[in-house]
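Let's take a walk through this fold, starting with its charged side chains and moving on to how some of the helices sit together. Keep the viewer open as you read.

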Amino acid sequence: MVSYERNPSKETDPMGAGKLLNFTFLQEHAYEYLRNQILAGNLSYDVIYSESQIAKEIGCSRTPVKDALTRLHHDRYIDIIPSKGFILHKFTQKDILDTFQIRVALESFCVISIMRARDTQEGKSTIAALQGFIHNLESLANTDCVKDYLANDLQFHKCIVDFVPNDDFRELYDSHNYRIENFAYKSLQTEARRIAAHNEHRKILKAIETGGIEGCYEAVTEHNINTYQNDIQIISREFGSI
């Protein structure tokens with residue numbers, strides 16, 4: 001196992017910049033390592049994992065691991081158990097409802113913002129990008145390339161949220177990314193859902209291109225209601241009614 005610990009020279013680095021940069025690298029490395037382990041399905045529900053265990057696997061001290069766990073908890077990947085470690089977060093109906101409400105609020109505002117700017121250069125550029133994602137979704141809907149379909153699906157929504165220059169919007173939306181991606185991947189395993197989702201995305205784009213405020217809100221809400229209902233069915237199958 002490669003160790004990432006170091007001993008910087010105070011003479012060549014009197015302000016400790018190298019130390020700070022290395023610690024930041026360790027934090028990011030620990031975060032990405034754990035996140036990838038979770039996404040790959042290598043960690044199990046109801047198993048308590050310790051900071052020291054993870055630090056040993058990575059080859060670093062517990063401090064960057066602790067920071068990584070704080071971030072993962074914030075992003076809803078895990079639940080921290082004080083003095084013991086952490087477990088994978090089990091999604092609840094409230095989790096799904098929270099994400100539904102956040103998505104409808106943010107995406108509706110952003111879609112309406114694009115619609116209002118559709119005759120500007122920025123608006124036209126965003127609409128062209130959305131058209132590209134729609135084209136890709138249509139091409140992939142009848143194939144088994146679920147990961148490629150999901151990637152275009154996620155980029156479609158990211159393009160919408162990124163249109164509004166609001167870092168708080170992005171941070172709030174990003175904090176729900178794991179839920180969105182996790183459930184979307186499971187839901188999109190069926191061709192019927194891929195085709196339906198594609199049609200829902202087309203309605204959102206059409207509302208941006210030709211509709212008004214009400215049409216934009218209705219298109220976003222319809223898509224997210226269908227997503228919410230699919231997600232509820234998934235957690236019911238996986239965790240029961242929680």
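In this predicted model, salt bridges tie Lys158, Asp162, Asp167 and Arg170 into a network. Zoom in on one link of that network: Asp167 pairs with Arg170, and their closest N and O atoms are 3.0 Å apart. Both residues belong to helix α7 and are 3 residues apart, or about one turn of the helix. How accessible are the two partners? Asp167 counts as exposed because its relative accessibility is 58%, where the bar for exposed is over 50%. Arg170 comes in at 23%, so it counts as partly exposed.

Step back to the whole model and the salt bridge count comes to 13. Side chains of opposite charge can pair when their charged atoms come close. Some of these pairs reach across the sequence. Take Glu28 and Arg71, whose side chains meet in a salt bridge at 3.1 Å, N to O. Glu28 sits in helix α1 (residues 17-39) and Arg71 in helix α3 (residues 62-74), so this pair, 43 residues apart, links distant parts of the chain. Glu28, at 34% relative accessibility, is partly exposed, and Arg71, at 30%, is partly exposed too.

Now look for Lys186 and Glu238, another salt bridge, with an N to O distance of 2.8 Å. Here the link runs between distant parts of the chain, from Lys186 in helix α8 (residues 177-187) to Glu238 in helix α10 (residues 213-239), with their positions 52 residues apart. Lys186 has a relative accessible area of 30%, which makes it partly exposed; Glu238, with 39%, also counts as partly exposed.

Back to helix α7, this time for its packing. Two packed helices are described by the angle between their axes and the distance between the axes. For helix α4 (residues 93-116) and helix α7 (residues 167-174), the angle is about 145° and the axes are 11 Å apart. Their crossing is left-handed. Which residues make the contact? On the α4 side they are Ile102, Arg103, Leu106, Glu107, Phe109 and Cys110, and on the α7 side Phe169, Leu172 and Tyr173. Sorted by class, that contact has 7 nonpolar residues, 2 charged ones and no polar ones.

One last stop is Gly132, in helix α5 (residues 121-140). Its relative accessible area is 28%, so Gly132 is partly exposed. Gly132 and Asn152 are 20 residues apart along the chain, and their C-alpha atoms are separated by 9.1 Å.

Definitions and conventions. Residues are numbered from 1 along each chain as its sequence is written. This is a predicted model: local features need pLDDT of at least 70, side-chain atom pairs count only at pLDDT 80 or more; totals for chains, interfaces and linings use all residues. Side-chain values use heavy atoms; hydrogens and water are left out. Helices (H or I, at least four residues) and strands (E, at least two) are DSSP runs, numbered from the N terminus. Buried means under 20% relative accessible area, exposed over 50%, partly exposed in between (1.4 Å probe, protein chains only). Axes are lines fitted to C-alpha atoms, for helices over the stretch in contact, and angles run from 0 to 180 degrees between N-to-C directions. A crossing is left-handed if the near helix is turned anticlockwise from the far one by less than a right angle, and right-handed if clockwise. Contact means heavy atoms within 4.5 Å. Ala, Val, Leu, Ile, Met, Phe, Trp, Tyr, Cys and Pro count as nonpolar, Asp, Glu, Lys and Arg as charged, and the others, Gly among them, as polar. A salt bridge is a side-chain nitrogen of Lys or Arg within 4 Å of a carboxyl oxygen of Asp or Glu.
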